[in-house]
Each structure stands twice: as structure tokens, then as C-alpha cells.
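Thank you all for coming. I would like to take a few minutes to introduce a structure that may be new to most of you, beginning with the whole chain and then turning to one part of it.

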Amino acid sequence: MKINENGFREYDARWIFEKEIDIEGIINLGKGLGTQIIIHTKKNNPRVIVGHDYRSYSEKIKKALIEGLISTGCNIEDIGLSLSPMVYFAQFNLNSDAIAMVTASHNENGWTGVKMGIKKGLTHTPEEMSELKDITLNNKFKTGVGNIKKINNFKNVYIQDLIKKNKINKKIKAVVACGNGTAGVFAPDILEGIGCEVIKLDCELDWSFPKYNPNPEDLKMLHAISKVVKDNNADIGFGFDGDGDRCGVIDDQGNEIFSDKTGLLIARNLSKNHKNSKFVVDVKSTSLFANDKVLENNKCKTIYWKTGHSHIKRKVNIEKALAGFEKSGHFFFNQPIGYGYDDGINSAIQVCHLLINQNKRMSEITKELPITYQTPTMAPFCKDEEKYLVVDSIVEEIKNLKQKNIKVDGQSITKILTVNGVRFSLEDGSWGLIRASSNKPSLVVVAESTTSDKRKKKIFEFIDNLLQKTGKIGEYDQKI
């Protein structure tokens with residue numbers, strides 16, 4: 001039996017299949033999760049919705065996970081090939097006690113994992129992940145007799161739920177790119193169903209991901225969408241990740257819009273009809289949310305919080321916020337727009353509503369935002385067992401530099417936010433971020449300047465110098 005303890009991550013579980021976890025390990029994970037669900041729900045036979053993504057080995061892994069769950073007494077309802085948001089939706093629609101989605105999201109082929117949750121619309125907290133790790137690695141399993149039943153055609157229930165609430169009255173020509181991931185069998189049908197003219201890009205299912213990983217932060221994917229938008233004179237381009245909970249956006253001129261800015265545009269649009277609302281954004285997001293005039297005029301408040309779909313989802317729930325936005329493309333819509341969880345296709349639908357309400361081109365709407373200069377999200381390699389210690393040392397270093405008034409491109413560090421790694425702000429509102437990745441052996445680096453592209457690069461150089469001095473950093477996945 002093989003199960004690497006580092007696979008129990010901050011709010012979900014991810015391993016390289018067979019190298020870090022084998023089938024016996026997956027069965028034990030199912031036993032651990034089943035035990036945890038029984039403890040939390042205080043039910044001997046809780047109902048658990050299970051789905052899987054389109055990787056070649058995902059169905060095999062799902063069967064092993066289900067075997068473990070059933071052995072504890074869980075009653076399984078298998079909804080088959082799914083997106084993560086379809087599994088979250090099923091918990092509401094079928095009123096189950098918990099969910100488990102077999103997916104490694106946008107991680108490279110070879111990875112597997114599970115996203116799981118007990119309370120409706122929420123996924124595991126770090127505390128719940130620690131508990132699951134303890135139960136699983138120490139074999140603290142309950143035993144019982146569970147069963148399994150297949151729920152056929154649930155895909156259509158999910159698709160129709162999104163279509164019927166979101167019909168549009170004006171044709172939008174949309175490029176829909178799925179990177180050969182699972183969203184390919186959902187997103188085109190839903191967007192066509194609401195009234196879009198859809199141009200498909202890489203929507204055929206191919207678990208080998210022949211062109212690039214389905215990741216809307218991946219510049220290769222964004223550039224491919226951009227070309228098809230321009231070639232077809234489309235109104236908008238949407239890129240979905242492997243399990244359909246994230247969405248990236250390309251405007252009508254082929255320009256990528258970082259997801260935090262897309263989030264701000266959606267928040268502005270929603271704030272007109274939902275005054276006094278709260279929005280939650282992650283620490284990787286643009287500083288523009290903090291002083292946005294449209295949000296201020298509509299008496300809306302923005303809260304910066306920890307990066308990670310589970311953290312933002314939970315904060316949206318606790319704060320009763322209208323929506324939450326992550327720079328990675330996870331958007332969370334609470335009632336009346338959604339159920340609080342992240343759904344990339346619903347995010348694309350909200351962009352369609354934005355286009356129709358504003359009656360302008362996406363490039364025109366984007367130009368209404370103040371200009372800032374942003375890096376993409378960059379991830380330098382750092383071992384799982386070292387990454388949090390490296391970040392702790394960087395936090396102390398930056399606090400020390402602020403105290404000594406050491407300047408970055410002639411600017412003093414005015415504010416330090418340590419809710420998730422360290423985000424330091426400069427006098428002009430520019431900022432940089434270093435944090436540990438929640439789901440990979442890497443750090444996360446982002447910078448934004450309100451002033452110039454040169455300052456953005458200087459902030460990145462400042463961060464990179466601090467990281468290189470630690471001696472613990474490897475190659476970046478992408479770099480400016």
C-alpha cells in the first residue's frame with residue numbers, strides 16, 4: 001500500500017498516481033473519507049455523491065475510492081463523468097450528506113486527486129484535511145455496510161439548471177476552449193443553450209492533453225484562444241480548466257483579461273442591482289477592488305482573503321457575500337446567482353450578462369478600469385516539505401526591510417498583509433505577493449504596478465532576489 005502523506009494538501013488531496021499513491025492507497029483514502037463523513041454527519045449510512053473527470057485512470061480510481069467509502073457504511077450515488085461544480089450542484093439537487101470528486105483539476109497528466117466536502121457548497125478546510133490525513137494514515141476506520149447506485153443522465157439536470165435561469169436576448173459569438181478536458185462535454189452545450197453562437201476550440205475529450213494543460217492561467221492556452229477570437233471576429237473567448245470550476249476570459253480584440261479584473265467588472269455590474277453587497281477576493285487579486293468608485297457608489301465592500309477555492313468559498317459563505325473572485329479564475333456566486341461554489345461555466349454566463357447589460361464590446365468595458373501592469377501567476381519550484389518554511393523566512397525578511405525603510409524601485413513598503421504568505425504594498429499602491437502553493441511543490445509569485453511596466457518588473461526582481469538567496473528555489477513554470 002502506497003500513500004505519500006504530502007498528498008493531503010491544504011483543502012484537497014493530490015498525488016502522482018502509482019508513484020505517490022496506488023490503488024490500495026486510494027481504497028484507504030475512501031475508508032478515511034467515509035469514516036470522517038460518518039463522524040461529522042453522525043449517520044451510519046450517509047449518502048455521498050461521487051463523480052470523476054476524464055483522465056484515463058480516473059474511473060478506476062473512483063471505483064477504488066467507492067470501495068473504501070462503502071466499507072465504512074456510506075451509501076454512494078455515482079453521477080459518472082462530471083465537472084466539480086456538477087458534483088457540488090448534485091449535493092443541493094439530490095440533498096446528499098457529502099460529495100467526493102475524483103480530479104486533479106488542471107495538474108499535468110499523471111496526477112490524480114479528490115475534492116471533497118460535507119457541508120453543502122463548501123469543500124474541506126485545512127483542519128478537515130488534517131483530520132482526514134490522521135484517520136487515513138493511522139487506519140482509524142469505521143466499518144459498516146454501504147451500497148452504490150448509479151444516477152443516470154444527471155449531466156442533463158445540471159446543464160438545464162444553468163440554461164433555464166440564464167437565457168440571453170442578444171446573440172454573443174463566443175469561442176469556448178476546454179483544452180481537451182472534461183468541460184468539453186458541458187460548456188459548449190450550456191453556452192449554446194443560453195443563446196450564444198459557440199465556436200469550439202479543443203472541446204474533444206483527450207486525457208493526454210495533446211496541446212497544453214487545460215488551465216486558464218496558462219499563457220499557451222490563452223494565446224490559442226486569442227488567435228481563434230481574432231480569426232472569427234468573436235465577441236469573447238472563454239477558457240475552462242480540466243474540471244470546469246475555473247474560467248479565463250479573452251476580449252474581442254484577443255487580449256487576455258486577468259481573472260481578478262474580470263471579477264471586478266462582474267462585481268461592478270452586479271453592484272448596481274445588489275447595493276450594500278460584500279465581495280471577497282484573494283490576496284493575488286488586483287488592488288483596484290479596494291478603491292473602486294463604482295463599488296463605493298453602490299456601498300459595496302471588498303474583503304481580501306486567503307487564496308484557494310476552499311478558503312474563498314467558506315469566506316463568501318461566512319460573510320454572506322454576493323460573490324467571491326480569485327485571480328486563478330475561480331468565481332463564487334451566492335444566491336440569487338448561484339449556490340456559493342465555484343462554477344466556471346456560470347462565471348462565463350455572468351460575463352455574457354455583463355456584455356448584454358453594458359451593451360458594449362468587452363474591450364471597451366475593460367478600458368473603463370484604471371490601467372495597472374500585472375504579471376501572470378508564476379510558480380517557482382520549491383519542495384513541499386520546505387515551501388512553508390521558505391515563505392515564513394520571506395515574511396520576516398520583508399517586515400525587516402519595511403522597518404529599515406529599504407525601498408523597492410524608489411518606493412517605501414507601506415503595508416504588509418500576512419493572511420496568506422506575504423503581500424506587501426508600496427506608496428503608489430503597487431504590490432507584490434509570495435505564498436506557498438496549496439496543491440503543488442512550488443511557491444506562487446504575483447506583482448502588480450499601478451504606475452508602469454518597469455515598476456512591475458522591478459517588484460518581480462526584488463521578489464526573485466529574495467527567493468534566490470534562500471537557495472531553496474528551482475525553475476519557474478513561467479516568468480516575465
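What follows is a short walk through this model, which is a predicted one.

Let me begin with the overall build, where the chain has 14 helices and 20 strands. Its radius of gyration is 22 Å, close to the 23 Å that the globule rule gives for 480 residues, so the chain is as compact as a globular protein of that length. If you take the principal axes, the C-alpha atoms fill a box of roughly 65 × 55 × 45 Å. Of the 480 residues, 62% are buried, and among the contacts with a separation of 6 or more, 70% join residues that lie 24 or more positions apart.

As for the surface, the accessible area comes to about 18300 Å², and carbon and sulfur atoms hold 47% of that. The chain carries 69 positive and 60 negative charges, and the mean positions of these two sets are 4 Å apart.

Now to the part I wanted to show you, helix 6, which spans residues 187-194. Which of its residues are buried? They are Ala187, Pro188, Ile190, Leu191 and Ile194, and because they cover an arc of only 165° around the axis, they sit on the same side of helix 6. What do these buried residues pack against? Their partners are two helices, helix 5 (154-164) and helix 11 (344-358), together with strand 7 (173-177), strand 8 (197-201) and strand 9 (236-240). Just after helix 6 comes Gly195, which has a positive phi, near 125°.

Conventions:
Residues are numbered from 1 along each chain as its sequence is written. This is a predicted model: local features need pLDDT of at least 70, side-chain atom pairs count only at pLDDT 80 or more; totals for chains, interfaces and linings use all residues. Side-chain values use heavy atoms; hydrogens and water are left out. Buried means under 20% relative accessible area, exposed over 50%, partly exposed in between (1.4 Å probe, protein chains only). Helices (H or I, at least four residues) and strands (E, at least two) are DSSP runs, numbered from the N terminus. The arc is that of the directions from the helix axis to the C-beta atoms. Contact means heavy atoms within 4.5 Å. The radius of gyration is taken over C-alpha atoms; the globule rule is 2.2 Å times the number of residues to the power 0.38. Accessible areas come from the Shrake-Rupley method with a 1.4 Å probe; for residues, only the protein chains shown count as cover. Lys and Arg count as positive and Asp and Glu as negative; His and the chain ends are not counted. The place of a charge is taken as NZ of Lys, CZ of Arg, CG of Asp or CD of Glu.
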